[in-house]
Each structure stands twice: as structure tokens, then as C-alpha cells.
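Biologist: I am new to this protein and would like to be led through its fold step by step. Could we look at it together?

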Amino acid sequence: MTSTPTTATAPAPAVAAPEAEHRTHAVLDSAVGPLTLVAHDGVLCGAYVDAQRHRPPDERFGARVAVTDEPFATVAEQLKAYFAGELTTFDLPLALHGTPFQRRVWAALQEIPYGETISYGELAQEIGKPTAARAVGLANGRNPISIIVPCHRVIGSTGSLTGYGGGLERKRFLLDFERRTTKEAALF
């Protein structure tokens, strides 16, 4: 059997990734540092802290726009209320792009009450996959919408702070902030 040799061709010129064509982003200063907010077709699909593990390359975020442009103005308003201790549940349309399993985990994250935590094993139980704690952890680490989809509320089975794409210092800050805000609200 003979094979036909192939000829290498010059690579095609670089163009924006197809998904970047309909994406825009804005950067919001927050209590945990700059948050890069990303929208796809006008719906929030990303909220990334700087140096976040699994953060896509900036060129995938689309054109930078003002944080006062929608949907970012509404997102920014709710994040500011969250960091002021005035908002405990976000009410935003989200475009969560991931595998069906990841989306299931991310949906379950949104059910964890403000100021509370759950272990990876408990979250696996919640989604009907009791032996999938490790897979839940991996999906949790790929959460594209930090804070709003509260992956910081998932901890180790011993109560230890384990992995957080934005760094353990941020996870500790967010959990302490929510607990403190919950305690202060209970006093009134």
C-alpha cells in the first residue's frame, strides 16, 4: 500500500475565536480585586478574578466596553450590593457554557444559601452522584462565574478550605465576609 504525501500549507491568518465575535467584557473593581465580567450575546457568561486558574485568554473575552454598558451595569450594581452586605442572592440571567455535568454542578452551587457551606461529597449527593465528589470538585474549579455562582461555598469534608480557582485567600475572605454579614443581620 502506498501513501500519498501531504503538503504542509501556511497557517490561516489569525481571527477572533467564533465565540469572541459576540462577546464583550468590562472590568469592575471589587473587594477581591479586579473582576473581568464577560457577556455572550448580552448575557453574563464569565466573572473572573485576576490570576484565576482556568481563566480563558483575554482575547476570548471580546471587545472591552464600559462597565456602565448593559448587562455589566446591572451585574456591577448587584456585585456592589453584595460586597456592601446588602444582597445575598443574585438575580441575573446567566449563560453557563460547559458540559451537562458541569452545568448541573453549577446549578447546584446556586442553591447553596448565602453564608453557608457544603462539602464536595455533600454536593455530589445533592446532584444524585454520591461517588462523584472528585468530579464535582473539578467542575467546581471550572466555574466561569465567580462569586455569583458561589463555588467559594464548597469546602473539604473536614471543613478545610480546599482549592479555589481565585486563590484560598479570596475564598477565606468571601466565606468570612458572608458569615460576618449573616451574623450582623441576625442582630437586627
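The questions and answers below go from the sheet to the core and then to single residues.

Modeller: Please keep in mind that this is a predicted model, in which local features need pLDDT of at least 70 and side-chain atom pairs count only at pLDDT 80 or more, while totals for chains, interfaces and linings use all residues. Residues are numbered from 1 along each chain as its sequence is written, and side-chain values use heavy atoms, with hydrogens and water left out.

Biologist: Which strands stand at the edges of the open sheet?

Modeller: Strands here are DSSP runs of E with at least two residues, helices are runs of H or I with at least four, and both are numbered from the N terminus; two strands pair if DSSP finds at least two bridges between them. The open sheet has four strands in the order β3-β2-β1-β4, with mixed pairing. Two of these strands have a single partner each, so one side of each is left without a neighbour in the sheet, and they are β3 and β4 (63–64).

Biologist: In which sense do β2 and β3 pair, parallel or antiparallel?

Modeller: Strands of a sheet pair through backbone hydrogen bonds, either parallel or antiparallel. β1 and β4 pair in the parallel sense over two bridges, with His-25 having Arg-64 as its bridge partner in β4. In the hairpin of β2 and β3, two residues lie between the strands, and Asp-41 takes a positive phi near 50 degrees. Leu-37 stands opposite Ala-47 in β3, and the six bridges between β2 and β3 are in the antiparallel sense.

Biologist: Which element gives the largest share of the largest nonpolar core?

Modeller: A nonpolar core is a set of buried Ala, Val, Leu, Ile, Met, Phe, Trp, Tyr and Cys residues joined through side-chain atoms within 4.5 Å, where buried means under 20% relative accessible area, exposed over 50% and partly exposed in between, with a 1.4 Å probe and protein chains only. The largest such core has 42 residues, and Leu-37, Leu-79, Tyr-82, Leu-109 and Ile-147 have the most contacts inside it. Elements that give two or more residues to this core include β1 (23–28), β2 (35–40), α2 (100–109) and α5 (168–186). The largest share, seven residues, comes from α1.

Biologist: How far apart are the end C-alpha atoms of α1?

Modeller: Among the buried residues of α1 are Phe-72, Val-75, Leu-79 and Tyr-82, and the helix is followed by Gly-85, whose phi is positive, near 80 degrees. The expected span is 1.5 Å times one less than the number of residues. For the 12 residues of α1 this should come to 16 Å, which agrees with the distance between its end C-alpha atoms, 16 Å.

Biologist: Which backbone nitrogen does the side chain of Gln-78 reach?

Modeller: Gln-78 is found in helix α1, and at 12% relative accessibility it counts as buried. Leaving aside neighbours within four places in sequence, Gln-78 is in contact (heavy atoms within 4.5 Å) with Leu-87, Phe-90, Asp-91 and Leu-92. At 2.9 Å, its side chain reaches the backbone nitrogen of Asp-91.

Biologist: Which side chain is joined to that of Asp-50 by a polar contact?

Modeller: Asp-50 lies in the loop between β3 and β4, and its 35% relative accessibility makes it partly exposed. Leaving aside neighbours within four places in sequence, Asp-50 is in contact with Pro-34, Arg-55 and Arg-170. A polar contact is a pair of N or O atoms within 3.5 Å; within protein, one must be able to donate a hydrogen and the other to accept it, and residues adjacent in sequence count only if both atoms are side-chain atoms. At 2.4 Å, such a contact joins the side chain of Asp-50 to that of Arg-170.

Biologist: How many disulfides does the structure hold?

Modeller: Cys-45 counts as buried at 4% relative accessibility, and Cys-151 is buried as well, with a relative accessible area of 6%. A disulfide is taken here as a pair of cysteine sulfur atoms within 2.5 Å. By that cut-off, the number of disulfides in the structure is zero.
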